[in-house]
Amino acid sequence: MKCRLLQAGCVEYLILEGDNLSALFPNACLTICGLKFTAAEVFMIITAISVLPTVWLRDLRLLAYIAGKELGEISSHLFLGLHNMYYT
């Protein structure tokens with residue numbers, strides 16, 4: 001019973017992220033070997049790939065380090081990209 005609840009929660013999270021990000025970026029389509037993926041499907045796959053390594057951790061204290069590092073890298077790239085876009 002608990003396993004089904006966890007699976008349902010994971011599927012719900014993937015659908016939520018796919019819908020939200022596809023609303024922000026509606027033209028993000030991808031075609032691989034003749035298979036066409038819509039924006040929602042592309043973002044669901046990206047979300048699943050980014051969340052999957054967190055289930056391999058034995059010690060969840062490492063998750064805070066990984067999340068903090070990723071957030072810092074993403075925000076610095078975003079800041080530098082916007083800075084270069086407006087001030088060059």
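Author: Start with burial. Buried means under 20% relative accessible area, exposed means over 50%, and partly exposed lies in between (1.4 Å probe, protein chains only). By that rule F43 is buried, at 12% relative accessibility.

Reader: What kind of model is this?

Author: It is a predicted model, where local features need pLDDT of at least 70, side-chain atom pairs count only at pLDDT 80 or more, and totals for chains, interfaces and linings use all residues. Residues are numbered from 1 along each chain as its sequence is written, and side-chain values use heavy atoms, with hydrogens and water left out.

Reader: How many helices and strands does the protein have?

Author: Helices (H or I, at least four residues) and strands (E, at least two) are DSSP runs, numbered from the N terminus. This protein has three helices and two strands. Read from the N terminus, the order is α-β-β-α-α.

Reader: Back to burial. What share of the residues is buried?

Author: Of the 88 residues in the protein, 8% are buried. S22 is one example, with a relative accessible area of 16%. A40 is another, at 18%. T47 is also buried, at 8%.

Reader: Where does S22 sit?

Author: S22 is in helix α1, which covers residues 2–24.

Reader: Which backbone oxygens lie by the side chain of S22?

Author: Think of polar contacts. These are pairs of N or O atoms within 3.5 Å; within protein, one must be able to donate a hydrogen and the other to accept it, and residues adjacent in sequence count only if both atoms are side-chain atoms. A polar atom of the S22 side chain lies 2.9 Å from the backbone oxygen of G18. The S22 side chain also reaches the backbone oxygen of D19, at 3.0 Å.

Reader: Which residues farther along the sequence does S22 touch?

Author: Contact means heavy atoms within 4.5 Å. Set aside residues up to four places away in sequence, and S22 touches A39, A40 and F43.

Reader: Now take A40. Which residues does A40 touch?

Author: With residues up to four places away again left out, A40 touches G18, D19 and S22. A40 belongs to helix α2, residues 39–51. You can also follow the backbone here. The C-alpha atoms of A40 and N20 are separated by 8.2 Å, and the two residues are 20 residues apart along the chain.

Reader: What is the figure for contacts across the protein?

Author: Take the contacts with a separation of 6 or more. Residues 24 or more positions apart account for 30% of them.

Reader: How many aromatic pairs are there?

Author: Two numbers describe such a pair: the distance of the centres and the angle of the planes. Here is the rule. Rings of Phe, Tyr and Trp (its six-membered ring) pair if their centres lie within 6.5 Å; planes under 30 degrees apart count as stacked, over 60 as edge-to-face and the rest as tilted. The count comes to one aromatic pair. The ring centres of F25 and F43 are 6.0 Å apart and the planes meet at 40°, so the pair is tilted. F25 lies in the loop between α1 and β1 (30–32) and F43 in helix α2, so the pair ties together parts that are 18 residues apart in sequence.

Reader: Is F25 buried, exposed or partly exposed?

Author: F25 counts as partly exposed because its relative accessibility is 48%. Its partner F43 is buried.

Reader: Does F43 turn up elsewhere? Which side chain reaches the backbone oxygen of F43?

Author: The side chain of T47 does, at 2.7 Å. T47 is in helix α2. Beyond its neighbours within four places in sequence, T47 is in contact with Y13, L14 and E17.

Reader: How far is I46 from L14, C-alpha to C-alpha?

Author: Those C-alpha atoms are separated by 9.4 Å, with the residues 32 apart along the chain. I46 lies in helix α2 as well. I46 counts as partly exposed, at 47% relative accessibility.

Reader: One more. What is the phi of C33?

Author: General idea: most residues other than glycine have a negative phi. C33 is not a glycine, yet it has a positive phi of about 55°. Find C33 in the loop between β1 and β2 (35–37). C33 is exposed, with a relative accessible area of 80%.
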